Amino acid sequence: MQFGIFTIGDIYPDPVAGRTQSEAERIRNIVRLGRRADELGLDVFALGEHHNPPFVPSSPPAILGHVAAVTRSIVLSTAVTLITTNDPVKIAEDYATVQHLAEGRLDLMLGRGNTVPVYPWFGKNIRDGVALALENYNLLHRLWREDVVDWDGTFRTALQGFTSTPRPLDDVPPFVWHGAIRTPEIAEQAAYYGNGYFANHILAPNFHFKPLVDFYRKRFEYHGHGPADQAIVGLGGHVSIARRSQDANAAFRPYFENNALFRGTRLEDYAAGTPLSVGSPQEVIDKTLTFQEGFGDYQRQLWVVDSLGVPIESVLEQVELLATEVVPVLRRELGARRAPGVPDAPTHATLVRAKYGDAEPRRLRPNANRGDNLSGDSPYQDSEPATPARFPVA
């Protein structure tokens with residue numbers, strides 16, 4: 001099972017210190033957080049995408065590319081990439097590039113997001129949100145698997161003889177998780193392709209999204225990818241941790257009570273009724289074990305630690321407690337409870353092995369440029385002759 005952290009890159013005033021981080025500080029601190037998670041042996045570091053204040057990660061590929069350069073083993077991901085307002089061609093190019101830079105340590109979480117105005121900012125209509133998500137991923141799936149794509153859809157210009165470059169590392173696309181908390185159509189799409197399904201069940205009552213997870217599991221089996229209990233599920237969480245419970249509550253209370261999202265809500269009541277874990281390492285362990293009891297065996301647990309203005313020094317201390325005192329116990333306990341046959345989350349290494357076995361992976365070498373930025377009938381030296389590029393006629 002994979003354990004890690006995700007950040008949405010929000011900036012809020014620190015009610016204790018009486019100051020607000022600059023955008024430059026916040027970006028640097030995101031990098032520090034990813035680097036520390038890697039040093040501590042966590043499995044995943046994921047970054048959200050937003051295009052409005054008070055958030056800074058409007059360009060996750062740029063930040064993740066840098067984090068890839070300063071880390072060694074941690075898997076990088078997104079939480080989420082907006083499949084509705086980003087062009088799938090650009091997603092294919094950007095994240096294949098990051099996959100190369102990270103030497104395979106990359107997967108992708110796709111979703112519609114939860115910011116309504118982002119649609120018109122990028123020339124889209126929110127009423128098309130579900131249709132955009134479905135069509136754009138259908139195209140992205142092909143762009144990462146076919147050297148030459150002819151495609152015609154509703155929401156972007158047609159593609160004729162198009163090759164997305166660079167091709168995925170080893171000709172193995174990043175594994176895709178579909179992040180959704182309200183859309184059965186997205187759960188169905190994840191199940192259809194045999195992709196992962198991530199329920200970021202923060203800001204909601206405990207197990208509120210269980211019906212969607214159960215639906216995804218059933219459809220995963222229906223589409224022939226394996227038994228329902230072996231579907232690939234990830235869960236989110238929110239944590240504030242200290243060695244003593246009272247210290248965790250005291251430290252987190254001003255950040256919770258001064259945020260408009262929670263104003264008028266008692267911290268203890270909110271934590272009891274939602275996936276928020278506030279307390280000692282043992283209390284975080286106990287709370288997380290209830291996720292498995294409610295959702296069944298799952299493959300990825302991510303927590304957000306650095307939101308609401310909590311200072312980076314406190315965040316790094318909490319990540320260390322997670323990595324050294326919480327995660328080892330959860331690995332052991334959840335491993336002991338795991339049903340036989342439940343797979344791990346796919347990684348680049350396992351996907352390469354599944355595709356090639358002991359054979360050498362594909363190394364893509366383009367054909368020579370013939371002077372007009374096209375590569376002739378086949379874009380790569382080993383492209384299938386049956387799928388030549390068909391270029392537009394002038």
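The exercises below concern aromatic rings and one helix in a predicted model.

**Exercise 1.** Classify the ring pair of Phe175 and Trp177 from the angle between the planes.

Solution. A search of the whole structure finds 12 aromatic pairs. In the pair of Phe175 and Trp177, the ring centres are 5.6 Å apart and the planes stand at 90°. Rings pair if their centres lie within 6.5 Å, and planes over 60 degrees apart count as edge-to-face. The pair is therefore edge-to-face.

**Exercise 2.** Classify the ring pair of Phe256 and Phe262 in the same way.

Solution. The centres of Phe256 and Phe262 are 4.5 Å apart, with 15° between the planes. Planes under 30 degrees apart count as stacked. Phe256 and Phe262 thus form a stacked pair. Ring pairs also link these two residues with Phe252 and Tyr270 into a cluster.

**Exercise 3.** Decide whether Phe175 and Trp177 are buried or exposed.

Solution. Buried means under 20% relative accessible area. Phe175 has 9%, so Phe175 is buried. Trp177 has 0%, so Trp177 is buried as well.

**Exercise 4.** Check the span of helix α1 (residues 23-39) against its number of residues.

Solution. Helix α1 has 17 residues. The expected span is 1.5 Å times one less than the number of residues, which gives 24 Å for α1. The end C-alpha atoms of α1 are 25 Å apart, which agrees.

**Exercise 5.** Which elements do the buried residues of α1 pack against?

Solution. The buried residues of α1 include Ile30, Val31 and Leu33. The buried residues of α1 pack against β1 (2-7), β2 (44-47), α2 (60-69) and α11 (312-337).

Technical notes: Residues numbered from 1 in each chain as written. Predicted model: local features only at pLDDT ≥ 70, side-chain atom pairs only at ≥ 80, totals over all residues. Heavy atoms only, no water. Phe/Tyr/Trp six-rings, centres within 6.5 Å; stacked < 30°, edge-to-face > 60°. Buried < 20%, exposed > 50% of the residue type's maximum accessible area, 1.4 Å probe, protein only. Helix = DSSP H or I, 4+ residues; strand = E, 2+ residues; numbered from the N terminus. Contact = heavy atoms within 4.5 Å.
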